[in-house]
Amino acid sequence: KARREERRCNVDWTPAEHEFYDLYLDWCAERAAANGQSLYWSMQMPLRLASACLPMARRSVLDPEFRNRRRQDEPSTSIEVEPSSELVAAARNLRDGVDSKFDELVKALRGLRRDGKQALLFTFSRPTLSYLEQRCSEEFRVALLHGGVGRVERAVVMEDFRAGKYDFVF
């Protein structure tokens with residue numbers, strides 16, 4: 001039987017990551033207020049995205065097409081609030097490839113693999129899953145599971161995982 005073990009580590013963000021997150025949180029608060037809704041109710045998916053993966057939150061600020069696809073998680077009658085120029089500047093200030101949280105995750109994954117262990121990693125965000133798959137597949141054998149994966153394909157992934165064909169399933 002699989003043993004479940006939570007592993008936590010501290011992540012020290014760069015000043016640019018802190019600045020971006022703070023401004024992103026302000027933007028979420030503005031969007032909630034414009035719609036007369038509670039921040040943590042109406043903005044739970046954007047906030048989860050930022051807490052899980054700053055590079056994908058950055059993308060939601062800089063890429064209107066991506067942002068509009070993400071809005072399907074929000075009420076269809078919501079008033080749109082564009083990101084402030086300060087938030088856009090902070091997003092641009094985050095260089096591609098700078099991701100302190102991912103750097104810590106990779107260290108943990110390397111340790112698990114070194115110890116001969118496999119793991120399932122969970123997140124609320126499909127964009128985060130895609131990001132993790134893209135970044136981790138260069139070094140690890142990975143597979144994705146989410147609500148859009150059909151029953152048969154899900155069973156195959158889990159069978160392959162148990163057989164040792166994947167290091168990690170996200």
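This report describes a predicted model of one protein chain, beginning with its overall make-up and ending with three individual residues.

## Overall make-up

The chain contains nine helices and three strands. Read from the N terminus, these elements follow the order α-α-α-α-α-α-α-β-α-β-α-β, a pattern in which the strands appear towards the C-terminal end of the list. Taken along the principal axes, the C-alpha atoms fill a box of roughly 50 × 35 × 25 Å.

Of the 170 residues in the chain, 39% are buried. Among the contacts in the chain with a separation of 6 or more, 71% are accounted for by residues 24 or more positions apart.

## Helix 4 and its crossing with helix 1

Helix 4, which spans residues 54–62, is mostly covered, since seven of its nine residues are classed as buried under the cut-off of 20% relative accessible area. The buried residues of helix 4 are L54, P55, M56, A57, R58, S60 and V61.

Two helices packed together are described by the angle between their axes and by the distance between those axes. For helix 1 (residues 15–34) and helix 4, the axes come within 11 Å and cross at roughly 55°, and that angle makes helix 1 oblique to helix 4. The crossing of these two helices is left-handed. On the side of helix 1 the contact is made by E17, F20, Y21, Y24 and W27, while helix 4 contributes L54, A57, R58, S60 and V61. By class, the residues of this contact divide into seven nonpolar, one polar and two charged. The helix 4 residues named in the contact, L54, A57, R58, S60 and V61, also appear in the list of buried residues of that helix.

## The crossing of helix 7 and helix 8

A second pair of helices is formed by helix 7 (residues 100–114) and helix 8 (residues 126–136), whose axes come within 12 Å and cross at roughly 60°. Helix 7 and helix 8 are therefore oblique to each other, and their crossing is right-handed, whereas that of helix 1 and helix 4 is left-handed.

In this second pair, F102, L105 and L109 of helix 7 meet Y131, L132, R135 and C136 of helix 8. The contact of helix 7 with helix 8 has six nonpolar residues, no polar residues and one charged residue.

## The sheet

The three strands form an open sheet in the order 1-3-2, and their pairing is parallel. Strand 1 (119–120) and strand 2 (142–143) are the edge strands, each of them pairing on one side only. Strand 3, made up of residues 168–169, pairs with strand 2 in the parallel sense over two bridges. Within this pairing, A143 stands opposite V169 of strand 3.

## Two buried residues around the sheet

A143 is found in strand 2 and, at 5% relative accessibility, counts as buried. Leaving aside its neighbours within four places in sequence, A143 is in contact with V157, Y166, F168, V169 and F170, a list that includes V169, the residue that stands opposite A143 in strand 3. A143 and M158 are 15 residues apart in sequence, and their C-alpha atoms are 9.3 Å apart in space.

D167 is found in the loop between helix 9 (151–162) and strand 3. With a relative accessible area of 9%, D167 is buried, because the value falls under the cut-off of 20%. When neighbours within four places in sequence are left aside, the contacts of D167 are R113, K117, Q118, A119, F140, R141 and F161. Among these partners, A119 lies within strand 1 (119–120), R113 lies within helix 7 (residues 100–114), and F161 lies within helix 9 (151–162).

## A partly exposed residue of helix 1

E19 is found in helix 1, the helix that crosses helix 4 at roughly 55°. At 39% relative accessibility, E19 counts as partly exposed, because this class covers values between 20% and 50%.

E19 and A91 are 72 residues apart in sequence, yet 9.0 Å apart in space from C-alpha to C-alpha. Apart from its neighbours within four places in sequence, E19 is in contact with A90 and N93.

Technical notes
Residues numbered from 1 in each chain as written. Predicted model: local features only at pLDDT ≥ 70, side-chain atom pairs only at ≥ 80, totals over all residues. Heavy atoms only, no water. Buried < 20%, exposed > 50% of the residue type's maximum accessible area, 1.4 Å probe, protein only. Pairing = 2+ DSSP bridges. Axes fitted to C-alpha atoms, helices over the stretch in contact; angles between N-to-C directions. Parallel < 35°, antiparallel > 145°, perpendicular 65-115°, else oblique. Left-handed = near helix turned anticlockwise from the far one by under 90°. Contact = heavy atoms within 4.5 Å. Nonpolar A, V, L, I, M, F, W, Y, C, P; charged D, E, K, R; others polar.
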